[in-house]
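Student: I should be grateful for a close look at a single residue and its surroundings. Please then place that residue within the chain as a whole.

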Amino acid sequence: MKLEGIHHVTAICADAPRNVRFYAGTLGLRLVKRTVNQDDPTVYHLFYADEEGSAGADITFFEYPGTPRGSAGEGMVHTVIWRVGSPGSLDFWGERLEREGFTAERSGDVLSFHDPEGLRHELVVYDGGERPLVARAPDVPIEHALQGFHGVRAYASDPERSRPLLEEHLGFEPSGPQQWLVAGEDRSGFYAYDEPPDTPPVPGAGTVHHVAFASRPEDHGRWRERALAGGAAVTPIIDRHYFRSIYFREPSGVLFEIATLGPGFAVDEPPERLGERLSLPPRFEPLRGRLEQTLKPLPDPRAERTGKVRS
Ligand code: ZN
């Protein structure tokens, strides 16, 4: 039994329309689900991914309108690392980000930048054999599209505290100093720690809320037992409508989720229409009228950018 890499990364934003313009516009991901926070249905939960809405390429945001910026520190993921296909793709993204008003830094075969609210990303060239998970943005040549997650980096002052749970119970394989590979049959991703900054951790806009690793549906209950056996305070299995989830804090403080591969985002709308309208899990359906009145309208960067393809 192996975890199949990273399932999704969930972060916080303060401005959903700006978030959509960046992730579905600048980064060319597909908005695959617009729904609400299941713990507070008055605010958005937005999901971006590849064209199929695959686990492994899915970054999601809770919107807390106007919430102050946070700052990653001890026990928080601070960087999300994505795969691209070639050094030429790093050139493409460096130029595109700069053209759209973002600062991108190139260091060898790594390009780093921050989203509009300060969340840090890196792009790295990936030449392994796993399937590229790409979205078809109208103005991003497919060979340059982001290909899904490569890993996440978190801050921890004493990573050794986490090692037993990660290695003995969750099957993380050491792959470097304070770094592990989470590799299943189809997909892998890495998890790593860095020395935290002197400043305290401040959750808020532009920070990661949790990282989810992927479980085959039939293994999910056993992953819960394993995490419990490793000493983690694990939630019951929660039905998130698009997948089932368990949550726990690993010993360094990072909030982990283990989520099932499926049923997926096409459970409540056709694959060709993903993300176009507000999707509500059945128990929130009675609130639809009120929510559609109060949630801010979102832009459609794909439509805005169609016909503006640059050669
Ligand atoms: Zn999650």
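Tutor: The following account begins with Ile142 and then turns to the protein chain. The model is a predicted one. Ile142 lies in the loop that runs between strand β8 (120-125) and strand β9 (149-155). Its relative accessibility is 45%, and Ile142 is therefore classed as partly exposed, since that class lies between the limit of under 20% for buried residues and that of over 50% for exposed ones. When residues up to four places away in sequence are left aside, Ile142 is in contact with Val134, Ala135 and Arg136. Asp58 stands 84 residues from Ile142 along the chain, and the C-alpha atoms of these two residues are 18 Å apart.

As for the wider setting, the protein chain contains 6 helices and 16 strands. A compact globule of 311 residues would have a radius of gyration near 19 Å, so the 18 Å found for the protein chain agrees with that expectation. Along the principal axes, its C-alpha atoms occupy a box of roughly 55 × 50 × 40 Å. Of the 311 residues, 56% are buried. If one takes the contacts between residues at least 6 apart in sequence, 70% of them link residues at least 24 apart.

The surface and the charges complete the description. The protein chain has an accessible surface of about 13,000 Å², and carbon and sulfur atoms account for 51% of that area. The chain carries 35 positive and 47 negative charges, and the mean positions of the two sets are separated by 4 Å.

Key
Residues are numbered from 1 along each chain as its sequence is written. This is a predicted model: local features need pLDDT of at least 70, side-chain atom pairs count only at pLDDT 80 or more; totals for chains, interfaces and linings use all residues. Side-chain values use heavy atoms; hydrogens and water are left out. Helices (H or I, at least four residues) and strands (E, at least two) are DSSP runs, numbered from the N terminus. Buried means under 20% relative accessible area, exposed over 50%, partly exposed in between (1.4 Å probe, protein chains only). Contact means heavy atoms within 4.5 Å. The radius of gyration is taken over C-alpha atoms; the globule rule is 2.2 Å times the number of residues to the power 0.38. Accessible areas come from the Shrake-Rupley method with a 1.4 Å probe; for residues, only the protein chains shown count as cover. Lys and Arg count as positive and Asp and Glu as negative; His and the chain ends are not counted. The place of a charge is taken as NZ of Lys, CZ of Arg, CG of Asp or CD of Glu.
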